[in-house]
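Student: I would like to understand the labels used for helix packing. Could we go through them together?

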Amino acid sequence: MHNRRHIIYTLYWDRGGANMATHAVLEELGVAYELIEIDLAKRMQRTPEYLAINPNGKVPTLQHRGEIIYESAAILMYLLDQHPNAGLAPTLHSPQRGHYYQYLTWMSNTLQEAANRWAHPEHYVAGDIDLTPVVDKATQDLSRCWSILNDDLGNKGPWLLGDRLSGADFHLFMVAYWSSRYSSRAQDWPNLRRHMQAMLQRDSIQQMMSQEGLTLEC
């Protein structure tokens with residue numbers, strides 16, 4: 001984290017939450033930022049103060065020049081558009097721009113949604129019922145998503161956009177990290193495991209994980 005006298009961004013976060021990708025990208029960019037922890041276990045996300053910032057009561061939230069942005073994929077798109085010279089997003093008129101949008105929205109709406117169903121099946125049903133079918137279906141959906149990504153990395157790799165690292169790779173790393181405790185794990189697919197290992201070598205990922213107190217057991 002950089003000198004607070006020169007703060008550009010404020011990131012509201014929780015340990016190992018959906019803020020991981022944005023946190024690592026802030027480190028990758030080398031910009032000045034501050035972290036404000038929203039401990040979900042203590043229900044800090046439900047306080048009136050935080051709900052006034054993000055009415056969804058979730059993390060991450062990014063504050064920049066008086067503007068508030070939430071949703072992890074939207075934050076990554078916005079953040080990288082502020083720093084086009086960093087090369088972590090294809091240029092506006094590049095044919096790869098569409099694939100970049102595709103991966104970020106698909107991972108947010110499909111892959112991450114399946115991950116959430118696996119991790120929090122109680123959020124998807126009402127009443128006191130057996131959650132096993134919800135978890136089993138989430139496991140199937142995760143495996144289908146991992147298969148798609150594993151094939152894409154095998155055909156185009158080493159990164160999602162081919163030979164260039166992008167914000168989409170940080171989002172993928174985040175969900176892949178979560179999956180280390182799932183029934184269907186990203187690291188059990190060879191190309192996804194290589195991708196995760198390559199991301200783990202980046203200083204930005206190491207700094208993010210150190211600051212959030214995270215470790216990885218493959």
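Tutor: Happy to; what follows is a short talk about helix contacts in this predicted model.

Student: Why is α6 called oblique to α8?

Tutor: The axes of α6 (residues 167–178) and α8 (residues 203–212) cross at roughly 45°. Roughly parallel needs an angle under 35 degrees, and roughly perpendicular runs from 65 to 115, so an angle in neither range, nor over 145, counts as oblique. Therefore α6 is oblique to α8. Their axes come within 12 Å, and the crossing is right-handed.

Student: Which residues make the contact of α6 with α8?

Tutor: From α6 there are F170, F173 and Y177, and they meet S204, I205, M208 and M209 of α8. That contact divides into six nonpolar residues, one polar and no charged.

Student: What makes α1 oblique to α8?

Tutor: Here the angle is about 125°, for α1 (residues 20–29) packing on α8. Perpendicular ends at 115 and antiparallel starts over 145, so what lies between them is oblique. That is why α1 is oblique to α8. The axes are 8 Å apart, and this crossing is right-handed.

Student: How do you know that α1 and α8 are in contact?

Tutor: Contact means heavy atoms within 4.5 Å. By that cut-off, M20, H23, A24, E27 and E28 of α1 meet S204, I205, Q207, M208, Q211 and E212 of α8.

Student: How many of the residues in the contact of α1 with α8 are nonpolar, polar and charged?

Tutor: Four are nonpolar, four polar and three charged.

Notes:
Residues are numbered from 1 along each chain as its sequence is written. This is a predicted model: local features need pLDDT of at least 70, side-chain atom pairs count only at pLDDT 80 or more; totals for chains, interfaces and linings use all residues. Side-chain values use heavy atoms; hydrogens and water are left out. Axes are lines fitted to C-alpha atoms, for helices over the stretch in contact, and angles run from 0 to 180 degrees between N-to-C directions. Helices (H or I, at least four residues) and strands (E, at least two) are DSSP runs, numbered from the N terminus. A crossing is left-handed if the near helix is turned anticlockwise from the far one by less than a right angle, and right-handed if clockwise. Ala, Val, Leu, Ile, Met, Phe, Trp, Tyr, Cys and Pro count as nonpolar, Asp, Glu, Lys and Arg as charged, and the others, Gly among them, as polar.
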